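Please open the model in your viewer and keep the sequence panel beside it. The tour below moves from one selection to the next and says what is there at each stop.

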Amino acid sequence: GINAEYGGEGLVFSSSVLFLFPPSSLLFSKGFKMVLQKEYRIVLPFTVDEYRIGQLYAVAKASQNETSGGEGVEILVNQPFEDEKGKGQYTHKIYHLGNRVPAWIRAIVPTSALQLEEKAWNAFPYCKTVLSSPFLGEKFSFIIESMHHADKGEHENALGLDAKQRKAVKVDKIDIAVDQVDPKDYKPEEDPTKVRSEKSGRGPLEKGWQEKQEPIMTAYKMVTVEFAVFGFQTKVEDFIMKFEAGLFLKFHKQVFCWMDEWYGMTIEDVRAFEEKTKAATAEKLAKADPAAAPATTTTTTTTATA
């Protein structure tokens, strides 16, 4: 199987299932392009500023944990950006899937099918991540836009949708205490109902924890999937959105359960941790496959943006 890892918005390797093993209709269709959208709301026991640190830390930690044997994360660019929506940190990454793909598939598909490309713009509290596949090209794209507010998930239009979009988009609320990850992914040390943060005094979380928790915030995430489709629209939509909900759930459980590792960090601390993990992942890739690690990468960090 293909394990989970997380990129700019909290996903990566698990999404390779969608790119490498889509229904045959996605690979061979000449039909129209379908657009699927769904909004997820994840209520969390943090301040918005705490979440900014925790999310960045968890992404970096997961990248290091999942990189080995020629598969993992290649960071091409990590630098500040500024556009009409604001300024923040831009990253461009390549995910080498390697042995996560069965040998018989590696033998028959081009190298481009074993890679995913991620571009992310983190202008916190707004973030955007675009995931694509060189193999599938324009047949498939995966976009996540996020906004973060200090509330309990009551904001009805956190992502600024127009009236038509708001009417069409379904909302799925994720509870990091009550909702369960896939049994094969379960670890007691990543279960918020069993973990207490000694540094913050928060947890374990019980059913209904949102009603009495302070501080509290919500991550609002809009997922947009575009793909060429030829039938089976409902089955494809159900598969993709259920899969994505599972990724968001697992990642945010980890952010909470790893809290004592990142609580109290500054943005300078977490940027230093990113650099440390970037060097470690590049070394792992180079040892396993020199061709997988870039000869040079562009890395410019800033403490003023994220």
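Leaving aside its neighbours within four places in sequence, with which residues is Asp151 in contact? Select Asp151 together with Ile216, Met217, Thr218 and Tyr220, which are its partners once those neighbours are set aside, where contact means heavy atoms within 4.5 Å.

Before going further, note that this is a predicted model, in which local features need pLDDT of at least 70 and side-chain atom pairs count only at pLDDT 80 or more, while totals for chains, interfaces and linings use all residues. Residues are numbered from 1 along each chain as its sequence is written, and side-chain values use heavy atoms, with hydrogens and water left out.

**Around Asp151**

Asp151 is found in the loop between strand 6 (140–149) and helix 5 (163–168); helices (H or I, at least four residues) and strands (E, at least two) are DSSP runs, numbered from the N terminus. Show the side chain of Tyr220 as well, since the side chain of Asp151 makes a polar contact with it at 2.9 Å. Such a contact is a pair of N or O atoms within 3.5 Å; within protein, one must be able to donate a hydrogen and the other to accept it, and residues adjacent in sequence count only if both atoms are side-chain atoms.

Asp151 is buried yet has no salt bridge, and the nearest side chain of opposite charge, that of Arg41, is 8.0 Å away. Buried means under 20% relative accessible area, exposed over 50%, and partly exposed in between (1.4 Å probe, protein chains only). Lys and Arg count as positive and Asp and Glu as negative, with His and the chain ends not counted, and a salt bridge is a side-chain nitrogen of Lys or Arg within 4 Å of a carboxyl oxygen of Asp or Glu.

**Salt bridges**

The structure holds eight salt bridges. Select Asp172 and Lys38, whose side chains meet in one of them (4.0 Å, N to O). Asp172 lies in strand 7 (residues 170–174) and Lys38 in strand 1, so this pair ties together parts that are 134 residues apart in sequence. At 22% relative accessibility, Asp172 counts as partly exposed.

Next select Arg271 and Glu274, which form a salt bridge at 2.7 Å, N to O. Because these two residues are three apart in helix 8 (residues 267–288), about one helical turn separates them, and both Arg271 and Glu274 are buried.

Now return to Arg41 and add Glu39: their side chains meet in a salt bridge (2.7 Å, N to O), and Glu39 and Arg41 are both buried. Adding Glu156 completes one network, in which salt bridges that share partners join Glu39, Arg41 and Glu156.

**Strand 3 and its partners**

Select strand 3 (residues 86–96), which is mostly covered, with nine of its eleven residues buried. Strand 2 (residues 72–83) pairs with strand 3 in the antiparallel sense over eleven bridges, two strands being paired if DSSP finds at least two bridges between them. A hairpin of two residues joins strand 2 to strand 3, and Asp83 stands opposite Gly86. Strand 4 (residues 115–123) also runs antiparallel to strand 3, to which eight bridges join it; Gln115 is the bridge partner of His96.

**An aromatic cluster**

Show Phe46, Tyr51, Phe124, Phe256 and Trp262, which form one aromatic cluster. Rings of Phe, Tyr and Trp (its six-membered ring) pair if their centres lie within 6.5 Å, and planes under 30 degrees apart count as stacked, over 60 as edge-to-face and the rest as tilted. By this rule the count comes to seven aromatic pairs. The ring centres of Phe46 and Tyr51 are 6.4 Å apart and the planes are at 25°, so that pair is stacked, and both residues are buried. For Phe46 and Trp262, the centres are 5.5 Å apart and the planes at 75°, so the pair is edge-to-face. Phe46 lies in the loop between strand 1 (33–44) and helix 3 (48–66) and Trp262 in helix 7 (residues 259–262), so the pair ties together parts that are 216 residues apart in sequence.

**Last stop and overview**

Finally, select Glu214 in the loop between strand 7 and strand 8 (217–228); at 63% relative accessibility, Glu214 counts as exposed. Zooming out, the chain has eight helices and nine strands, and 54% of its 306 residues count as buried.
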